[in-house]
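Dear colleague,

Please find below the structure that I am handing over to you, together with its sequence. An account of what was found in it follows.

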Amino acid sequence: MSVMSKVLLGLALTGTVVVGVGESARAVGPAPVAVEPVPVTAEADLAHHGHVSLWERRLGVWLVSENHGPSHVSQATVRLAFSEPLAGGQELPPSCLWGSDRVVVCRTGELRAAGAAGELALDLRTAGSPDEVTVDIGTVWSDGSTDRNPKNDRHRVLVLATGDPYVF
């Protein structure tokens with residue numbers, strides 16, 4: 001293969017060939033691609049803190065959701081997943097609903113930057129008499145905002161049937 005053929009092959013592989021000479025030269029190649037601007041999403045730092053207690057087939061969960069900012073979140077949803085099934089027929093607060101016999105999902109309400117929502121208190125009954133329950137707490141929806149610090153809104157708590165509060 002001659003040197004000229006190698007140069008032309010190399011230019012063809014790069015996708016750009018210059019046609020002509022001097023000021024009238026123009027590049028021939030792929031058409032420019034329009035780039036859409038990337039939408040900017042709000043950033044929030046949600047956190048859930050509280051405690052869980054287990055005693056005599058009863059499970060108490062007390063939770064406060066906070067937003068350390070910088071952006072306001074109009075609504076968020078926290079999921080509480082239990083390692084043991086909960087007894088059926090229990091009423092939940094109006095902001096919560098059943099996901100299954102082991103999952104409760106609750107709205108936090110409005111979370112302003114550097115603000116907290118009201119306390120959520122759940123008084124639940126277990127289906128059996130467990131010696132311990134593991135509770136997974138985590139944000140499942142945050143109004144489309146991003147959270148660069150998800151460590152403070154996800155917790156796993158081992159709760160022994162002692163009646164003691166296990167803090168998260």
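Two strands are said to pair if DSSP finds at least two bridges between them. The model is a predicted one, and with that definition of pairing its open sheet can be described. This sheet has five strands in the order β6-β7-β5-β10-β11, and the pairing is antiparallel. Its edge strands are β6 (96-100) and β11, each of which pairs on one side only. On average, neighbouring strands of the sheet are turned by 20 degrees against each other, direction ignored.

The chain as a whole

The chain contains one helix and 12 strands. Along the sequence, the elements follow the pattern α-β-β-β-β-β-β-β-β-β-β-β-β. The chain has 168 residues, of which 32% count as buried. Its exposed surface comes to about 10300 Å², with carbon and sulfur atoms supplying 57% of that area. Among contacts with a separation of 6 or more, 68% are between residues 24 or more positions apart.

Strand β5 and its partners

In the strand order of the sheet, β5 stands between β7 and β10. Strand β5 is joined to β7 (residues 103-107) by five bridges, and the two run antiparallel. Six bridges connect β5 to β10, again in an antiparallel arrangement. Val-78 illustrates both pairings: Cys-106 stands opposite Val-78 in β7, while Thr-139 is the bridge partner of Val-78 in β10.

Five of the six residues of β5 are buried, so the strand is largely enclosed by the rest of the structure. Thr-77 belongs to this strand, which covers residues 77-82. Thr-77 has a relative accessibility of 15%, and because the cut-off for buried is under 20%, Thr-77 counts as buried. Leaving out residues up to four places away in sequence, Thr-77 touches Val-105, Cys-106, Gly-138, Thr-139, Val-140 and Trp-141.

Strand β10, strand β11 and the loop between them

Seven bridges join β10 to β11, and these strands also run antiparallel. At one position of this pairing, Ile-137 stands opposite His-155 in β11. A salt bridge also occurs here, between the side chains of Arg-156 and Asp-136, at 2.6 Å from N to O. Arg-156 lies in β11 and Asp-136 in β10, so the pair ties together parts that are 20 residues apart in sequence. Arg-156 is exposed, with a relative accessible area of 63%, whereas Asp-136 counts as partly exposed at 25%.

Ser-142 is found in the loop between β10 (132-141) and β11 (154-160). Is Ser-142 buried or exposed? Its relative accessible area is 14%, so Ser-142 is buried, the cut-off being under 20%. Beyond its neighbours within four places in sequence, Ser-142 is in contact with Leu-46, Val-73, Gln-75 and Ala-76. Ala-76 lies 66 residues from Ser-142 in sequence, yet their C-alpha atoms are 4.2 Å apart in space.

Salt bridges

Side chains of opposite charge can pair when their charged atoms come close. How many salt bridges does the model contain? The count comes to four, and the pair of Arg-156 and Asp-136 described above is one of these salt bridges.

A further salt bridge is formed by Glu-43 and Arg-148, whose closest N and O atoms are 3.5 Å apart. This pair links distant parts of the chain: Glu-43 is in the loop between β2 (26-28) and β3 (46-55), and Arg-148 is in the loop between β10 and β11, 105 residues apart. Glu-43 is partly exposed, with a relative accessible area of 25%, while Arg-148 counts as exposed at 70% relative accessibility.

Glu-110 and Arg-112 also form a salt bridge, with 3.4 Å between the closest N and O atoms. Glu-110 counts as partly exposed, at 42% relative accessibility.

Where to begin

For a first look at the model, I would suggest starting from β5, which is joined to β7 by five bridges and to β10 by six. From there, β10 leads on to β11 through seven bridges, and the loop between β10 and β11 holds both Ser-142 and Arg-148.

With kind regards

Definitions and conventions
Residues numbered from 1 in each chain as written. Predicted model: local features only at pLDDT ≥ 70, side-chain atom pairs only at ≥ 80, totals over all residues. Heavy atoms only, no water. Helix = DSSP H or I, 4+ residues; strand = E, 2+ residues; numbered from the N terminus. Buried < 20%, exposed > 50% of the residue type's maximum accessible area, 1.4 Å probe, protein only. Contact = heavy atoms within 4.5 Å. Areas by Shrake-Rupley, 256 points an atom, 1.4 Å probe, with all protein chains shown as cover. Axes fitted to C-alpha atoms, helices over the stretch in contact; angles between N-to-C directions.
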